[in-house]
Amino acid sequence: MIETRGLTKHFKDVHAVDGIDLTVRAGELVALLGPNGAGKSTTLRMLTTLIPPTAGTATVAGFDVVRRQREVRLRIGYIGQGNGAGHSQRGRDELISQGRAYGMSTRDSRQRAAELIESLGLAEVADRRVSTLSGGQRRRLDIAMGLIHSPGLLFLDEPSTGLDPQNRANLQEHILALRARHETTIVLTTHYLDEADSMAERVIVIDHGRIIADDTPQRLKDTHVGDRIVLGFLHESDAAGAAAVLRTERKGTQVRLGLPNAPRRAPGILDDLRTAGYPAAEIEVIRPTLDDVFLQLTGRSLREGGVDKELVEV
Ligand SMILES: Nc1ncnc2c1ncn2[C@@H]1O[C@H](COP(=O)(O)OP(=O)(O)OP(=O)(O)O)[C@@H](O)[C@H]1O
């Protein structure tokens with residue numbers, strides 16, 4: 001569905017995207033995750049033919065994004081960060097006009113608009129003016145606009161930024177349901193770690209315009225960080241004995257251990273320690289987040305970037 005080689009975009013001396021090789025297969029749901037300014041939107045804008053690359057190549061839905069822009073545009077939906085729908089129009093009319101702009105007949109666009117209104121839960125508000133919709137409803141209308149011509153590939157640039165957690169969860173459900181129903185390939189950008197983690201089968205971590213990791217969320221966490229357990233003991237002597245049994249370090253009355261598949265293996269460890277005469281008084285199982293992965297890869301927290309952006313937007 002998408003194939004890029006050395007895809008690059010420089011804005012004067014800003015290397016926004018710096019040689020990205022990416023393959024996305026039909027049916028995948030891929031999240032591009034990275035801090036503000038990492039190059040996620042710029043990548044999407046090149047793939048959607050909105051801006052030309054400085055170097056490298058990209059084909060989308062089988063067509064070159066520079067030489068065959070029209071063919072690419074007919075086959076993709078793109079929902080940018082701003083709202084696409086005009087505010088004084090009614091949602092349904094906006095959708096129908098959008099379908100007409102793609103060359104669909106009025107009848108087909110009407111029918112498709114009705115389908116999308118239904119599947120995106122907009123039935124009650126579709127005939128109201130867009131300016132009266134809530135942020136979450138407007139965002140869902142944007143998504144309907146991007147899907148009116150039934151594209152096989154949908155690009156979503158930060159679909160849930162600015163929504164409260166409840167609306168965010170609701171939007172995510174709608175995106176997943178749409179995908180299941182229409183088998184749409186989806187590429188989205190996000191700086192919400194939980195969103196990438198829960199929605200995407202594949203997370204591509206981008207930093208300074210480069211791909212620094214690309215895998216399933218679980219494998220990223222297992223490979224780059226891994227599960228850990230922290231055991232607490234009543235006496236330092238017990239902690240020392242336990243550290244020797246587990247061949248790990250001790251700090252005061254605490255023993256830490258890297259342990260793949262920790263939730264399953266922790267009870268066995270507790271049993272072993274009890275048998276050895278060093279019973280633990282408490283245990284904490286720590287499972288990594290995608291932020292831990294980012295921290296491990298870059299030495300910086302992605303969370304800080306996300307929080308900054310939220311503050312800027314407020
Ligand atoms: N039109 C432009 N002119 C100059 N610099 C630009 C332009 N568009 C983007 N940039 C710069 O390119 C870099 C990458 O920006 P981009 O918007 O792609 O990042 P992003 O990962 O999408 O970030 P965000 O999460 O904030 O949207 C940033 O340093 C940005 O300032």
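## Sheet, cores and ligand shell in a predicted model

Strand β4 (residues 55–60) pairs with β5 in the antiparallel sense over two bridges; strands are DSSP runs of E with at least two residues, helices are runs of H or I with at least four residues, and both are numbered from the N terminus. Two strands count as paired if DSSP finds at least two bridges between them. The bridge partner of Thr59 in β5 is Asp64. The structure is a predicted model, in which local features need pLDDT of at least 70 and side-chain atom pairs count only at pLDDT 80 or more, whereas totals for chains, interfaces and linings use all residues. Residue numbers start from 1 along each chain as its sequence is written.

The β4–β5 pair belongs to an open sheet of four strands with antiparallel pairing, in the order β2-β1-β4-β5. Because β2 (14–24) and β5 (63–64) stand at the edges with a single partner strand each, one side of each is left without a neighbour in the sheet.

The largest nonpolar core has 64 residues, and Ala31, Ala144, Ala196 and Val203 touch the most other members. Such a core is a set of buried Ala, Val, Leu, Ile, Met, Phe, Trp, Tyr and Cys residues joined through C-beta atoms within 7 Å. Helix α5 (residues 135–147) provides the largest share of this core, five residues. Leaving aside neighbours within four places in sequence, Val203 is in contact with Ala31, Leu33, Ala196, Asp215, Pro217, Leu220 and Leu290; contact requires C-beta atoms, placed from the backbone, within 7 Å. A second, separate core of eleven residues includes Ala243, Leu273, Tyr278 and Ala280.

The shell around the ligand includes Phe11, Lys40 and His191, where a residue is near a molecule if its C-beta atom, placed from the backbone, lies within 6 Å of it. The largest share of this shell, three residues, comes from α1. By class, the shell has four nonpolar, seven polar and one charged residues; Ala, Val, Leu, Ile, Met, Phe, Trp, Tyr, Cys and Pro count as nonpolar, Asp, Glu, Lys and Arg as charged, and the others, Gly among them, as polar.

Two residues other than glycine have a positive phi, as tabulated below. A residue is buried if 20 or more other C-beta atoms, placed from the backbone, lie within 10 Å of its own, exposed if 12 or fewer, and partly exposed in between.

| Residue | Phi | Loop | C-beta neighbours inside 10 Å |
|---|---|---|---|
| Lys12 | near 50 degrees | between β1 (2–11) and β2 | 5, exposed |
| Glu158 | about 50 degrees | between β7 (153–157) and α6 (165–182) | 20, buried |

Notes
Two residues are in contact if their C-beta atoms, placed from the backbone, lie within 7 Å.
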